Amino acid sequence: MNLLSPTWTALGYLVAAVCFILALKGLSSPATARRGNLIGAGGAALAVVVAFLSEDLHHELAIIAAIVVGTVVGVPAARRVAMTQMPQLVALFNGVGGAAAALVAALELVHRPQLESYGIVISGDPGSRGFGWTAFSGLADAAGFHTGVGGIASAAGAFTVLVGCVSFAGSCITFAKLQELMTGRPVTFPGGQYLFGGGLAVAVALAAWVVVQGADGRPSGLLLALLALVSLVVGVLFVLPVGGADVPIVISLLNAFTGLTVAASGYVLSNTLLLVAGTLVGASGTILTRLMAAAMGRSISSILFGAFKGSTAGTVGPGSDRPVRSGSPEDVAILLGYARKVVIVPGYGLAVAQAQHTIRELAELLEARGVEVIYGIHPVAGRMPGHMNVLLAEANVPYEVLKEMDEVNPELKTADVALVVGANDVVNPAAKTTPGAPIYGMPILEVDQAQQVVFLKRSMRPGFAGIENDLLYDPKTMLLFGDAKDSLTKVVSAVKTL
Amino acid sequence: MDAMTLLTFFVLSVFVGFEVVSKVSTTLHTPLMSGANAIHGVILVGAIIVTGRSESTLALVLGLVAVVLATVNMVGGFVVTDRMLEMFKGRSRPAGPGGGDAGGAR
C-alpha cells in the first residue's frame, strides 16, 4: 500500500526508534523493566505497520501469512519453554534474526531491479525518498553514477551476509551446548585455530569479491551463497572451542553481532530505522557482553581463544578416591534447624530439579523457628547472569532476602551453615587458590568461610566447568546425595519433626 | 541524504547504545539481553520490504523465509522477555508472596 507520505513514514520510524531507546533504558532498571519491554514491542509493531502502509508491496497476503506462521511458532515457544531452558531459546531467537538479516541483505543485493541508477529505483519507493528519516536515497546517489549496487552498500551487504551467518551458526552451536545435545566442554581439535583463521580469511576474501562485483553491477547470487556457506562454517568453528560456562557470554556477543548485521542491512536498504535499531543493539550488546565477562572475572578474548584445557582441572585423579562425609536428610535438618544463620546458595541444579518452591518452603520453616535465612546469589548462578534471580522470582522468594555476592560474602563468615543446592563452580575455592584451574580468578561465594557447609548434590560429578571441588572433601562439609527436589522435600519433613 | 548523514546516525546511535546500558545490575543482564535480542527482530521491516519487491519465485520464497525467521525473533523475543520480567513484579509487595502463595508451596 502507498498510504503514507514519506514524511509520515519517516515520523513513524522515528517514533519506533525512540521506543527502542526507551525500551533499552527501561530494561536497565528493575522498576521499569517490564514497561520498557512493552514499549519496545509497541515500537516494533508500529514499525511493521508503517512498513506495510508506506511501501508499494507485492505478495502482501503471502507476507502476512508468513508473519502469522512466525508468530504461531514464536509465541508458544516463548510461552511454554521452561525457565531453566530460556537461555538457549534466546540464543535460538538471536540466531534466526541473524539468518533473516543475511537473507534480506543478500536478496536486496541480488534482486534489486536493474534500472538506470540506484536513485531511480529508490524514487519508486516512497519510504526511502525525499526528506526525513528513511530518506537517503542510496549511497550511489551521493557517490555518483553507478548502475549497480554501489561499493559501500555492497560492502555493508557482504558484511551482513558474513556476520549474520556466523551469528546463526554460532547460535545453533550454543543452543546445542546448552540443550546438552552435544558436550558442554570446549571442542578442540588439532589445527582448529588455523582452520578457523583460514575459513575467516576465505570468507573475507569472498566478501571483498562481492564488493568488487557490486561496485559496478550486481553481485552474483552464487557468490553470495558461497559466502553464506563459508560463513556458516566459520560460525561453527568460532563457538565450538568455547567452554560451557562461558556460553552465555558468547550468546550476548552473538546478539551484538546480529544487531550490527541489522544495522548494516539498514544501510543496504536505506532504511534508517534498521540502521538505528541495529546499532543500538550492537552497541548495548557489546557493553553487556563486557559486563557479563567482568561479572565472571573473564576477558572476552580468553573466552573466545583460550579454550579451557580440560586436563588442567586441579585435582582430578586422586580426588575421586578421597573420602567424603555424606549425611541423611535428618542430619541436615538438625544442622539447619538449630543454626542461627543459614545462607542458601542456589545453583543450576536447583532450577533443573524445579526445587525453587521447595527451597522457599524450607526457608520459611526455618524462619518460623527463628533462624535467619538469606540467599546468596552468584552473578552467574544458573546459566546466565541474573538467571537465578529470575528463577527464584518465579517461586516468589522475596527480593529482600536475595543477596548479591558482594553483600553475602561478609555474611558467610558469620553463618552457621551454608546450604549449597545444585551449585558447584560458583563456590569452588579453586577459583582463589589454584592458578591453573580454568575458573581461576572468577569471583566466588566464599561458603568455605561458614562454620558448616552442606551440599545437596546429585552425584560427585563436577560442575559445568568440569573441575573438582576440594571443598566437597573438607571435614566441615556434609553431602546429601540425590535430586535437589527429593532431598529438599525430605529435609523439609525432617525439619517439621524437630 | 549522503554517506555523512548515515555515518552521523550510526555514530550517535553507538553512543546512545553505550549510554543506556552502562549502569545495569547483574540481576537484569538476562532480561536486557533478551530484550535487545527482540529489538533486532525489527529486521522484519527489512524482510517485508525485500519480499514485497521480489520478482522471482526463488526471491519470494527466500524473502518469506526471512519474514518467518524475523517474526520468530521479534515476537518470540518480546514474549519471552515479558515472561522473565513478569516474575520480578511480585517482589515489590513483601506481604504478598507469603500470604498469596501458601497454596502454591505444596
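Visitor: Which residue in S2(A) stands opposite A:Val342?
Guide: Quick heads-up: this is a predicted model, where local features need pLDDT of at least 70, side-chain atom pairs count only at pLDDT 80 or more, and totals for chains, interfaces and linings use all residues, while side-chain values use heavy atoms and leave out hydrogens and water. Residues are numbered from 1 along each chain as its sequence is written, and chains are lettered from A and ligands numbered from 1 in the order in which they are written. Strands S1 (residues 341-346) and S2 of chain A pair in the parallel sense over four bridges (pairing takes at least two DSSP bridges; strands are DSSP E runs of at least two residues, helices H or I runs of at least four, numbered from the N terminus). Opposite A:Val342 you'll find A:Val373.

Visitor: Is strand S2 of chain A largely enclosed or open?
Guide: Buried means under 20% relative accessible area, exposed over 50%, and partly exposed in between (1.4 Å probe, protein chains only). In S2(A), residues 372-377, five of the six residues are buried, so the rest of the structure leaves this strand largely enclosed.

Visitor: Through which helix does the chain cross from S2(A) to S3(A)?
Guide: S2(A) runs parallel to S3(A), residues 402-404, and three bridges join them. A:Ile377 stands opposite A:Glu404 there. The β-α-β crossover between these strands is right-handed (clockwise from first strand over the helix to the second, with the strands pointing away from the viewer), and its helix, residues 387-394 of chain A, is H17.

Visitor: How many residues apart in sequence are the parts tied together by A:Lys341 and A:Glu411?
Guide: These two form a salt bridge, with the closest N and O atoms 2.6 Å apart (the cut-off is a Lys or Arg side-chain nitrogen within 4 Å of an Asp or Glu carboxyl oxygen). A:Lys341 is buried at 10% relative accessible area, whereas A:Glu411 is partly exposed at 24%. Since A:Lys341 sits in strand S1 and A:Glu411 in helix H18 (residues 405-413), the pair links parts of chain A whose separation in residues is 70.

Visitor: What separates A:Glu364 and A:Arg360 along helix H16 of chain A?
Guide: Their salt bridge has its closest N and O atoms 3.2 Å apart. A:Glu364 is partly exposed at 35%, but A:Arg360 is buried at 3%. They're four residues apart in H16 (residues 356-368), so the separation is about one helical turn.

Visitor: How many strands does chain B have?
Guide: Its elements run α-α-α-α-α from the N terminus on. That's five helices, and the strand count is zero.
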